[in-house]
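Biologist: I am new to this structure and should be grateful for a close look at a single part of it. Please begin with the question below and then place that part in its surroundings.

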Amino acid sequence: MENFTEKAVAIIKNIPPGKVMTYGQIAKLAGSPRGARQVVRILHSMSKKHQLPWHRVVNIKGEIGLKDDEYFSIQKLSLKSEGVEFSNNGRIDLSRFLFSPEQNK
């Protein structure tokens, strides 16, 4: 694995239950501030292999980025089961549920 990929996988693995991170936030922490799409690729291709909590990664608006109805529902139910709440417009309040590992050291 590349250095960026290794770092991104490690970051994703450490998102605790009941918290979320954004694609861009993970990319920045992994060393590539403009690498959000790479994070999407990592989640798509490596979630099973590395047992990543893929459902804890959302977009910058606090929305589920998946368009597939089945995976959208799985992600939303998984987050709700961990205590993450959604507003009426389907967004997560990032001021409450965003995990910031740099602040938790």
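Which residue follows α3, and is its phi positive or negative?

Modeller: The model is a predicted one. The residue that follows α3 is Q51, and its phi is positive, near 50 degrees. Q51 has this positive phi although it is not a glycine. Its place is the loop between α3 and β2. Q51 counts as exposed because its relative accessibility is 70%, and the cut-off for exposed is over 50%.

The helix before this loop deserves the same attention. α3 spans residues 36–50 and has a kink of about 40 degrees, centred on H44. Several of its residues are buried, namely V39, I42, L43, M46, S47 and H50. The buried residues of α3 pack against three elements: α1, α2 and β2, the last of these covering residues 57–58.

Not every residue of the helix is buried. Q38 is also found in α3, but it counts as partly exposed because its relative accessibility is 30%, between the cut-offs of 20% and 50%. Leaving out residues up to four places away in sequence, Q38 touches F4 and S32. From Q38 to S78 the distance is 23 Å, C-alpha to C-alpha, and these two residues are 40 apart in sequence.

The buried part of α3 leads on to the largest nonpolar core, which has 18 residues. The members that touch the most other members are I12, I15, I26, V39, I42, L43 and V57. Two or more residues of this core come from each of α1 (3–13), α2 (23–29) and α3. Of the elements, α1 gives the most, with five residues. Apart from this core lies another, of nine residues, including V58, L79, L94 and F97. Within the largest core, I26 shows how the contacts run. When neighbours within four places in sequence are set aside, I26 is in contact with A8, I11, I12, I15, M21, V39 and V57. V39, one of these partners, is among the buried residues of α3.

The helix also takes part in the largest pocket, which holds about 420 Å³ of space. Of the 14 residues that line this pocket, L43, H44, W54, L66 and Y71 are the closest to its centre. H44 is thus found both beside the centre of the pocket lining and at the centre of the kink in α3. Two elements, α3 and α4 (69–81), give two or more residues each to the lining. The largest share, five residues, comes from α3. By class, the lining has seven nonpolar, four polar and three charged residues.

A residue of α4 completes the account. Q75 lies in that helix and is buried because its relative accessible area is 1%, where buried means under 20%. Not counting residues up to four places away in sequence, Q75 touches W54, H55, V57, V58, I64 and L66. Two of those partners, W54 and L66, are listed with the lining residues closest to the pocket centre. Another partner, V58, is in the core of nine residues, and V57 is in the core of 18.

To return to the request, α3 has a kink centred on H44, gives the pocket lining its largest share, and is followed by Q51 with its positive phi.

Methods
Residues numbered from 1 in each chain as written. Predicted model: local features only at pLDDT ≥ 70, side-chain atom pairs only at ≥ 80, totals over all residues. Heavy atoms only, no water. 1 Å grid on protein atoms, 1.4 Å probe; cavity = no way out; pocket = protein on both sides within 12 Å on 5 of 7 lines; lining within 4 Å. Points joined across faces, edges and corners; volume = space filled by probe spheres on them. Helix = DSSP H or I, 4+ residues; strand = E, 2+ residues; numbered from the N terminus. Nonpolar A, V, L, I, M, F, W, Y, C, P; charged D, E, K, R; others polar. Buried < 20%, exposed > 50% of the residue type's maximum accessible area, 1.4 Å probe, protein only. Contact = heavy atoms within 4.5 Å. Core = buried A, V, L, I, M, F, W, Y, C linked by side-chain atoms within 4.5 Å. Bend = angle between axes of the 7 residues up to and from the residue.
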